[in-house]
Amino acid sequence: MESLLVSTLVVAVAEIGDKTQLLAIILATRFKKPIPIILGILAATLLNHALAALAGSLVAQYLQGAWFQWLIALSFIAMAAWALIPDKADDEDGGAVGRYGVFLTTAVAFFLVEMGDKTQIATVALGAQFHNVPLVAAGTTLGMMLANVPAVYLGEAATKIVPLMYVRIGAALIFLGLGLWGVATLLGVFK
């Protein structure tokens, strides 16, 4: 249960102001069809994060030892720094729906934009830490949906509810806490 809750919290906070959330806002304001957009986000995130959690879990199985645990802990600390860097929608374009429809346009765009994104990398790290692909993928997907469904329904107004600077600081603190927890565990503080 810890893997589900931590994964949900980490990704929900990290997603706020992220480029995929900005993409959700762009798609919502462009197409004005929230249900197919939400379903596209759900499908893309489930697939992307299941693969990311699986990759993290598989890598962790083969790379054992204290050095790998240090790498995971330090990756969370690096994610804390990355969370403080604002994302921009300048390179994202809602594009025309064309013959593929809103759902498929959203699913493909979200899947591709999420590649290498901080929430995907966090999912890899969470998969490596918890070794529970279904719960990590479910948690990170739930976190993405908690952050993106309001963005789809509220559009640009969602970015004005809470100043993004504070959200980024909160996300950075969560990542930093996870990283420091890993370091403290490795140093035997919790023995």
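**Note on the helical packing of the predicted model**

1. Leu 126 is a useful point of entry. Setting aside neighbours within four places in sequence, Leu 126 is in contact with Val 6, Ser 7, Val 10, Phe 76, His 131, Val 136 and Thr 140. It should be stated at the outset that the model is a predicted one.

2. Leu 126 also belongs to the largest nonpolar core, which has 19 residues; it is listed with Val 6, Val 10, Phe 76 and Phe 175 among those with the most contacts inside that core. At least two residues of this core come from each of α1 (2–15), α3 (34–62), α4 (66–83), α6 (118–130) and α9 (164–186). Another core, of 16 residues, lies apart from it and includes Ala 24, Leu 27, Val 102 and Met 145. As a general matter, nonpolar side chains in soluble globular proteins tend to be buried together.

3. The chain as a whole has 9 helices and 0 strands. Of its 191 residues, 46% count as buried. Among contacts with a separation of 6 or more, 91% join residues that are 24 or more positions apart.

4. Helix α6 deserves attention in its own right. Its 13 residues should span 18 Å at 1.5 Å a residue, and the end C-alpha atoms are indeed 18 Å apart, which agrees. Because 10 of the 13 residues are buried, α6 is largely enclosed by the rest of the structure. The buried residues are Lys 118, Thr 119, Gln 120, Ala 122, Thr 123, Ala 125, Leu 126, Gly 127, Ala 128 and Phe 130. The list thus holds Lys 118 and Gln 120 as well as Leu 126 and Phe 130.

5. The packing of α6 against α7 (residues 133–154) may be described next. The two axes come within 10 Å and cross at roughly 150°. Since angles over 145 degrees count as roughly antiparallel, α6 is roughly antiparallel to α7. The contact is made by Thr 119, Thr 123, Leu 126, Gly 127 and Phe 130 of α6, with Val 136, Thr 140 and Met 144 on the side of α7. The crossing of α6 past α7 is right-handed.

6. Helix α3 also packs against α6. Here the axes come within 6 Å and cross at roughly 40°, an angle that makes α3 oblique to α6. On α3 the contact involves Asn 48, His 49, Ala 52, Ala 53, Gly 56, Ser 57 and Ala 60; on α6 it involves Thr 119, Gln 120, Thr 123, Val 124, Gly 127 and Ala 128. This crossing, too, is right-handed.

7. The end of α6 merits a separate remark. His 131 lies in the loop between α6 and α7. His 131 has a positive phi of about 55° although it is not a glycine. With a relative accessible area of 41%, His 131 is partly exposed. The same residue is one of the contacts of Leu 126.

8. Lys 32 offers a second non-glycine residue with a positive phi, again of about 55°. Lys 32 is placed in the loop between α2 (19–31) and α3. At 63% relative accessibility, Lys 32 counts as exposed.

9. Helix α1 has 14 residues and reaches 20 Å from its first C-alpha to its last, close to the 20 Å expected at 1.5 Å a residue. Of these residues, 11 are buried, so α1 is largely enclosed by the rest of the structure. The buried residues include Ser 3, Leu 4, Val 6, Ser 7, Val 10 and Glu 15. After α1 comes Gly 17, with a positive phi near 85°.

10. Two pairs of residues illustrate approaches between distant parts of the sequence. Thr 185, in helix α9, lies 9.5 Å from Ala 73, C-alpha to C-alpha, although the two are 112 residues apart in sequence. Thr 185 counts as partly exposed, at 45% relative accessibility. Val 102, in helix α5 (residues 101–114), is buried, with a relative accessible area of 9%. The C-alpha atoms of Val 102 and Ala 28 are separated by 9.8 Å, with their positions 74 residues apart along the chain.

Conventions: Residues numbered from 1 in each chain as written. Predicted model: local features only at pLDDT ≥ 70, side-chain atom pairs only at ≥ 80, totals over all residues. Heavy atoms only, no water. Core = buried A, V, L, I, M, F, W, Y, C linked by side-chain atoms within 4.5 Å. Buried < 20%, exposed > 50% of the residue type's maximum accessible area, 1.4 Å probe, protein only. Helix = DSSP H or I, 4+ residues; strand = E, 2+ residues; numbered from the N terminus. Contact = heavy atoms within 4.5 Å. Expected span 1.5 Å × (residues − 1). Axes fitted to C-alpha atoms, helices over the stretch in contact; angles between N-to-C directions. Parallel < 35°, antiparallel > 145°, perpendicular 65-115°, else oblique. Left-handed = near helix turned anticlockwise from the far one by under 90°.
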